[in-house]
Amino acid sequence: MFRKASRRSFVSTGCAVLGVAVMPRAFALDSKVDLILRNGKIATVDANNRFATTVVVKDGRIVAVGDASVAEGYQAARVIDLAGKTVLPGLCDNHVHPSPPKPLAPGEVDLQHAYTWAENEKLLKAALKGLPAGAWLRASAFRLYFTEAEPPTVWINADISKIPTRYMLDKVAPNNPVIVRASQLVVANSLALKLAGITKDSPQPVAGDGKIEKDANGEPTGILWYAAGDAIEDFAPPLPPIPPLSARAEYLALKDFFTHLRHLGITSCNDAAGSAQRLRLYQNLHQEFPGELPRITMQLGLQAQKFDTVEKSLEILEGVGFHTRGGNEWVKIGAIKMFLDGGYTFSRPWPINSVAHKHVPTYFGAWRSPPDYFYHVFKRAHALGWQIGVHSAGDESTRIVTDVFERVITENPRPDHRHHIIHLEIGPPEETYQKMKKLGLGVAMQPDFIYGLQPFFELALDGQQLQRNNPGRTVLDHGLHLSYGSDERPYGPMYGIYAAVTRRGQDGKVYGAEEAVTLQEAIRAYTIDSAWHTFDEKTRGSIEPGKVADFAVLDRDIFTIDPLKIKDIKVLQTIIGGTVYDVPPGLPNYYHETQQPKV
Ligand SMILES: [Zn+2]
């Protein structure tokens, strides 16, 4: 029987124990230290969520934490008076995808981060400028989030009336065929429709999920769903090849990526699908720029995009000379990453669900690999000492993968494996939750999805599945380890914490208030509990003596601010291993990679 785990009674306002949390000095022999932070509101995120005012740092580690008296007798090379500012442990993002921006070909434009129609228009016009009349223009539009101040152009929405049509594109591009890919659909302008032969008389695609959207008069609106969108993309001439970035440029672009994460207060991150080659680049980065970048744990992606066979995956496993926990405190080996189903932002909503897609009643998602694949690969990875993380978004996929874990762990019990489900966007059945608890499975969730993916959820889901997406409360109430990260939707821990606590989507509506977690729980999931997922909870994730000196100094007090404003909080300084990095003023508190026009 399921017993509700008792909720920890955290002090959520943070004022109760401020300044009285004196902890023992660990290394008090030498009075010369590198850094003292004083006069702050320092959330230690220790077992009791105590607050302190002062931290003493030496050689990249925390020497003492507590009230002002803990700094007595120390001489610091640098003292920062926090003037009451709030400090969190450095944030640990459980899911990032470091990929250098992809150069664009002529005839290609990136609208993914254009918030308004005016911005879309501007980018389209600029891209058309370099193109001869009649040449095709391909755009990708993938709007993730917007600010309330700027009403969005909604490329993806259950409300069809809000999606731009051919006529809007015609105004910008009367002489060039234009197609805009936005996840599950393509919007084409009139010229593109004409060239592709899509008219009033065109029959609907045979493939069940394709649809040519037509208006009241039967005219195509330009909105082409699924197979219909794929077809016009196939019809358009392929883009010209573009030279790849040089190895050095790609390497430096990776450095930029991690620097951007640092600007967000992220001091540790988990690459959610790396490779042996990528690991080498991370090692090089940390050697060339020591202490400048967040600590990286790299998951080794198996069948990342390639739908590898069992044999191929086993060959990769046998071929790498390391496994989880190898490395050092800057670059580490994480879990094997495998993919069971898909995501709501893909051109197909692949999550495997017990409930059909809202608009395609026969569609329950699709496997990326047959379930049998996982048993064989898990078994070997588990035996070799790997931690296993599995992308599973739908409820049915989590049910099935938990059964596979049960089989593997029962056949070969191994303590402290920390295998986990990645995403868990739709909660599995009660029985599965209990099994996960029994097996010791964790959940690596991305709460910013509640906000950033709301239009996508709305498109595919209904009822309880829509309301209770990313069910943080239920996961915690079952006593499971829950960690948080972003999966680039967007990068920006404050968005994740905001969404986890308020359960608000981009539209400002509350989705499943009963799935909200407390502020302290959200912060723990973004710090100490995320560190647990990479076997680092003893050395990072909280502000305690002996741990690495990783902190984020906030511009506002997250513990007293109106929760609706959490997503506006900015990080002023990120401190990694005791080195202080000021965040350049004026930067937004989120980050996304933008494709670069070819120069
Ligand atoms: Zn991902």
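Here is a short briefing on a parallel sheet, one of its edge strands, and some of the helices in this structure. Please keep in mind that the model is predicted. An open sheet of eight strands, paired in parallel, is a good place to begin. From there we can visit L91 in strand 8, then the packing of helix 8 with helix 9, and finally the buried residues of helix 4.

**The open sheet**
- Reading across the sheet, the strand order is 8-15-16-17-18-19-20-21.
- Strand 8 and strand 21 (482–484) are the edge strands; each has a single partner strand, so one side of each has no neighbour in the sheet.
- From one strand to the next, the twist averages 25 degrees.
- Strand 17 (residues 331–339) and strand 18 (residues 388–392) run parallel and are joined by four bridges.
- If you want a landmark for this pair, look for M338, which stands opposite V390 in strand 18.
- As general background, strands of a sheet pair through backbone hydrogen bonds, in either a parallel or an antiparallel way.

**L91 in the edge strand**
- L91 belongs to strand 8, which covers residues 91–96.
- L91 has 31 other C-beta atoms within 10 Å, and the cut-off for a buried residue is 20 or more, so L91 counts as buried.
- Leaving aside residues up to four places away in sequence, L91 touches G265, I266, T267, P493, Y526, T527 and A552.
- One of these contacts, I266, is 175 residues from L91 in sequence, yet their C-alpha atoms are 4.5 Å apart in space.

**Helix 8 and helix 9**
- Helix 8 (residues 371–384) packs with helix 9 (residues 395–411) at an angle of about 40 degrees, and their axes are 9 Å apart.
- An angle of about 40 degrees is neither under 35 degrees nor within 65 to 115 degrees, so the two helices are oblique to each other.
- Helix 8 makes a right-handed crossing as it passes helix 9.
- On the helix 8 side, the contact is made by P371, F374, Y375, F378, K379 and H382.
- On the helix 9 side, I400, V401, V404, F405, R407 and V408 take part.
- Sorted by class, this contact has nine nonpolar residues, one polar residue and two charged residues.
- Helix 9 also lies across strand 18 and strand 19 (420–423), and runs at about 155 degrees to strand 18.

**Helix 4**
- Helix 4 spans residues 226–235, and its buried residues are Y226, A228, G229 and I232.
- These buried residues pack against helix 3 (190–195) and against strand 11 (178–182), strand 12 (185–188), strand 13 (211–214) and strand 14 (220–225).

Terms used
Residues numbered from 1 in each chain as written. Predicted model: local features only at pLDDT ≥ 70, side-chain atom pairs only at ≥ 80, totals over all residues. Axes fitted to C-alpha atoms, helices over the stretch in contact; angles between N-to-C directions. Parallel < 35°, antiparallel > 145°, perpendicular 65-115°, else oblique. Left-handed = near helix turned anticlockwise from the far one by under 90°. Contact = placed C-beta atoms within 7 Å. Nonpolar A, V, L, I, M, F, W, Y, C, P; charged D, E, K, R; others polar. Buried ≥ 20, exposed ≤ 12 C-beta atoms within 10 Å, placed from the backbone. Pairing = 2+ DSSP bridges.
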